[in-house]
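Q: Please give a close reading of one part of this model, and then set that part in the context of the whole chain. A formal account with the cut-offs stated would be preferred.

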Amino acid sequence: DGCGHTMLGPESGTLASINYPRTSPNSTVCEWEIRVKPGQRVQLKFGDFDIDDSDSCHSSYLRVHNGIGPNRTEIGKYCGFGFQMDGLITSKSNEVTVQFMSGIHTSGRGFLAAYSTTDKSDLITCLDNASHFSEPEFNKYCPAGCVIPFADISGTIPHGYRDSSSLCMAGVHAGVVSNTQGGQINVVISKGIPYYESSLANNVTSKVGPLSTSLFTFKTSGCYGTLGMESGVIPDSHITSSSILEWPNQTGQVNIWKPENARLKRIGPPWAAFISDEHQWLQIDLNKEKKITGIITTGSTLAEHYYYVSAYRILYSDDAQKWTVYREPGMGKDKIFQGNTELYQEVRNNFIPPIIARFFRINPLKWHQKIAMKVELLGCQFSIGRAPKITLPPPPQNKNDKKNADFVDDFIHSIKTSLQTDKTTFTPEIKNTTVTPSVTKDVALAAVLVPVLVMVFTTLILILVCAWHWRNRRKKTEGTYDLPYWDRAGWWKGMKQFFPTKSAEHEETPVRYSSSEISHLRPREVPTMLQTESAEYAQPLVGGIVGTLHQRSTFKPEEGKEASYADLDPYSSPIQEVYHAYAEPLPVTGPEYATPIIMDMSSHPSTPLGAPSISTFKAAGNQAPPLVGTCNKLLSRTDSASSAQALYDIPKGQPGPGSADQLVYQVPQSVAHPTVSKDE
């Protein structure tokens with residue numbers, strides 16, 4: 001009568017004294033006989049040990065034996081408060097006897113221990129939690145029987161579990177290991193979260209938990225995706241049932257709770273059976289064989305109809321004719337799954353190992369008021385590896401190839417024999433996962449293609465936007481008064497005339513005026529020679545050689561007929577108040593556009609005294625701006641033959657004003673400009 005929580009599995013298990021973790025009663029005894037597969041040995045690990053040692057292990061103790069029965073031999077006898085057992089107790093055979101004796105005592109929790117075969121070197125007990133380990137990721141082996149009433153867990157998948165939770169009990173809740181079989185877990189530690197949710201899964205209820213510094217999740221590979229009840233991948237025609245509930249409401253309208261209503265999270269009524277007994281079922285056709293790793297159920301989800309299924313069995317088939325009831329490995333009875341405890345909460349149960357089948361059937365065994373439920377199946381695709389393609393040697397061509405024919409027959413026979421030997425396909429080991437993978441290959445392909453297509457279209461759009469922006473920016477840089485790109489070569493050619501150069505190869509040289517070369521020209525001939533060549537706009541008037549003074553005008557002629565100074569009478573042409581688009585008029589008052597350059601023709605030897613000086617810029621004063629096509633606004637003369645000496649400074653680098661051959665003119669030195677006579 002001293003046996004407490006006990007689960008003896010084929011490879012591992014858990015055992016505890018009665019009333020653990022409270023004080024065990026006086027004068028009790030319990031004996032456990034543990035057997036594993038022949039050829040293996042047993043190892044025992046204590047999670048907690050607290051037995052009264054007041055009489056030196058005489059009446060209260062724990063004793064471990066090699067073997068079972070009268071021929072067993074003692075390995076050790078243990079007692080003590082808070083006794084720390086270093087290492088593992090290992091047997092010499094595949095059988096072990098554990099005996100607990102409780103005498104007269106007033107305190108002591110008793111013990112809790114776990115066992116496994118010796119090949120599980122990383123065995124832990126059901127009491128170990130994540131805070132006992134410092135590694136950020138580690139692998140441990142959980143024994144069977146870790147769903148214990150005196151251990152707590154907080155959290156759920158995929159968010160994680162609080163670090164104070166039992167590792168093995170959380171592994172059962174997550175569906176990573178089976179409570180009846182135990183198994184390997186891969187734990188990952190990460191930063192904690194402020195709140196841990198409560199949920200019911202695999203007959204384990206996790207509690208709401210507060211903030212913690214760290215949490216843990218399980219790193220696994222396998223399949224844990226939904227199979228199409230909620231999403232509609234499974235069509236309505238593939239969901240059938242034993243019966244359908246039909247009943248009229250208060251208005252006389254008939255309500256039909258059809259099997260296709262049994263889709264998880266769908267708004268509306270669920271599926272409900274017309275008769276509530278143990279012979280009802282809900283059947284789902286998956287269209288082909290799938291790996292089914294779990295199921296999620298809810299009740300009616302309608303507050304006015306408090307219906308739900310609290311326990312059920314699972315059956316599966318490949319042809320919907322012969323059905324197999326799900327059982328856990330090593331168990332001789334059908335597994336009864338815990339269902340819902342109320343109509344709203346989602347309850348999950350996992351299948352370890354998974355079910356491989358096309359047809360899936362739920363058989364309710366217990367319910368509240370009526371059989372009503374909504375479900376979703378968890379799992380993934382299942383594919384069997386195909387046999388390799390057989391390539392036969394060519395057939396014999398003549399009688400001499402009889403040996404080859406015999407070889408071919410032997411080869412075919414050996415292939416057939418090997419295929420018959422390997423006919424049975426064993427279920428691969430599949431681990432559950434806390435991360436939902438893709439349900440189908442098509443979904444996985446779409447998950448890859450959609451991001452790629454989005455990136456391609458985004459790149460094309462960006463290229464088009466950048467091209468449009470560059471085009472607009474280029475148009476803005478070419479303003480109304482800017483030169484087109486095909487005229488910029490000519491513009492640069494004209495600008496080079498302002499730079500000093502002595503190259504003999506260049507066709508243009510700086511302008512050097514002398515009175516001897518210009519004095520023979522009459523005033524009316526000067527503007528005629530200035531307009532001999534076709535005008536290009538915004539070109540300087542000072543370029544060219546004096547002998548051929550055929551340079552460009554600073555103003556554009558009117559559109560249509562090409563105008564020149566020779567076509568107009570510069571002295572009788574009326575003044576037209578027309579402003580051309582290419583030259584902005586000078587303001588009435590304000591600064592001048594350029595410093596005037598005055599050409600002195602009075603100092604030329606052959607020119608009579610009093611010859612006029614010529615200016616190409618606006619005269620001083622508040623006169624009207626120059627107009628296109630008129631000379632009387634462009635030309636000006638000085639009042640006397642000595643105006644050159646009065647207006648201009650002595651040239652740089654020259655001996656004096658007498659050297660007229662290389663006379664280069666400077667900017668006037670603070671001398672008022674002569675006014676233009678309107679009579680001329």
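In which helix does Leu 460 lie?

A: Leu 460 lies in helix α3, which covers residues 441-477; helices (H or I, at least four residues) and strands (E, at least two) are DSSP runs numbered from the N terminus. The model is predicted, with local features requiring pLDDT of at least 70 and side-chain atom pairs pLDDT 80 or more, while totals for chains, interfaces and linings use all residues. Residues are numbered from 1 along each chain as its sequence is written, and side-chain values use heavy atoms, without hydrogens or water.

Leu 460 counts as partly exposed because its relative accessibility is 45%, partly exposed being the range between buried (under 20% relative accessible area) and exposed (over 50%), with a 1.4 Å probe and protein chains only. Leu 460 also belongs to a nonpolar surface patch, together with Leu 445, Val 448, Leu 449, Val 452, Leu 453, Val 456, Phe 457 and Ile 463. The accessible area of this patch is about 840 Å² in total, by the Shrake-Rupley method with a 1.4 Å probe, where only the protein chains shown count as cover for residues. Patch members have over 30% relative accessible area and no salt bridge; like charges are joined within 9 Å, and nonpolar side chains (Val, Leu, Ile, Met, Phe, Trp, Tyr) within 5 Å.

The chain around this helix has 7 helices and 29 strands. It comprises 680 residues, 41% of which count as buried. Its accessible surface comes to about 38,200 Å², and carbon and sulfur atoms account for 55% of that area. Among contacts (heavy atoms within 4.5 Å) between residues at least 6 apart in sequence, 73% join residues at least 24 apart.

In contrast to the surface patch, the largest nonpolar core lies among buried residues: such a core is a set of buried Ala, Val, Leu, Ile, Met, Phe, Trp, Tyr and Cys residues joined through side-chain atoms within 4.5 Å. This core has 29 residues, and those with the most contacts inside it are Tyr 161, Leu 167, Ile 185, Val 187, Phe 216 and Phe 218. Two or more residues come from each of β10, α1 (167-174), β13 and β16, with α1 giving the most, 6 residues. Helix α1 is mostly covered, as 8 of its 8 residues are buried. Just after α1, Gly 175 adopts a positive phi of about 85°.

The strands that contribute to this core also pair with one another, where pairing requires at least two DSSP bridges. Strand β10 (residues 137-142) joins strand β13 (residues 183-191) in the antiparallel sense through 6 bridges, and Asn 139 stands opposite Asn 186 in β13. Strand β13 pairs in turn with strand β16 (residues 214-218), again antiparallel, over 5 bridges. Within that second pairing, Val 187 has Phe 218 of β16 as its bridge partner.

Elsewhere, an open sheet of 5 strands has the order β1-β2-β9-β4-β7, with antiparallel pairing. Its edge strands, each pairing on one side only, are β1 (3-8) and β7 (89-90). On strand β1 sits Thr 6, which counts as partly exposed because its relative accessibility is 33%. Beyond its neighbours within four places in sequence, Thr 6 is in contact with Thr 14, Leu 15 and Trp 32. Thr 6 and Ala 144 are 138 residues apart in sequence, yet 9.5 Å apart in space, C-alpha to C-alpha.

Within the same sheet order, strand β4 (residues 42-50) is joined to strand β9 (residues 110-117) by 8 bridges in an antiparallel arrangement. Asp 48 faces Leu 112 in β9, and its side chain meets that of Arg 109 in a salt bridge of 2.9 Å, N to O. That pair links distant parts of the chain, 61 residues apart: Asp 48 is in strand β4 and Arg 109 in the loop between β8 (95-102) and β9. Asp 48 counts as buried because its relative accessibility is 15%, whereas Arg 109, at 32%, counts as partly exposed.

The count is 15 salt bridges, each a side-chain nitrogen of Lys or Arg within 4 Å of a carboxyl oxygen of Asp or Glu. Another is formed by the side chains of Glu 31 and Arg 72, at 3.3 Å, N to O. Here Glu 31 belongs to strand β3 (residues 28-35) and Arg 72 to the loop between β5 (61-66) and β6 (73-78), 41 residues apart. Finally, Glu 11, Asp 119 and Lys 120 are linked in a network of salt bridges.
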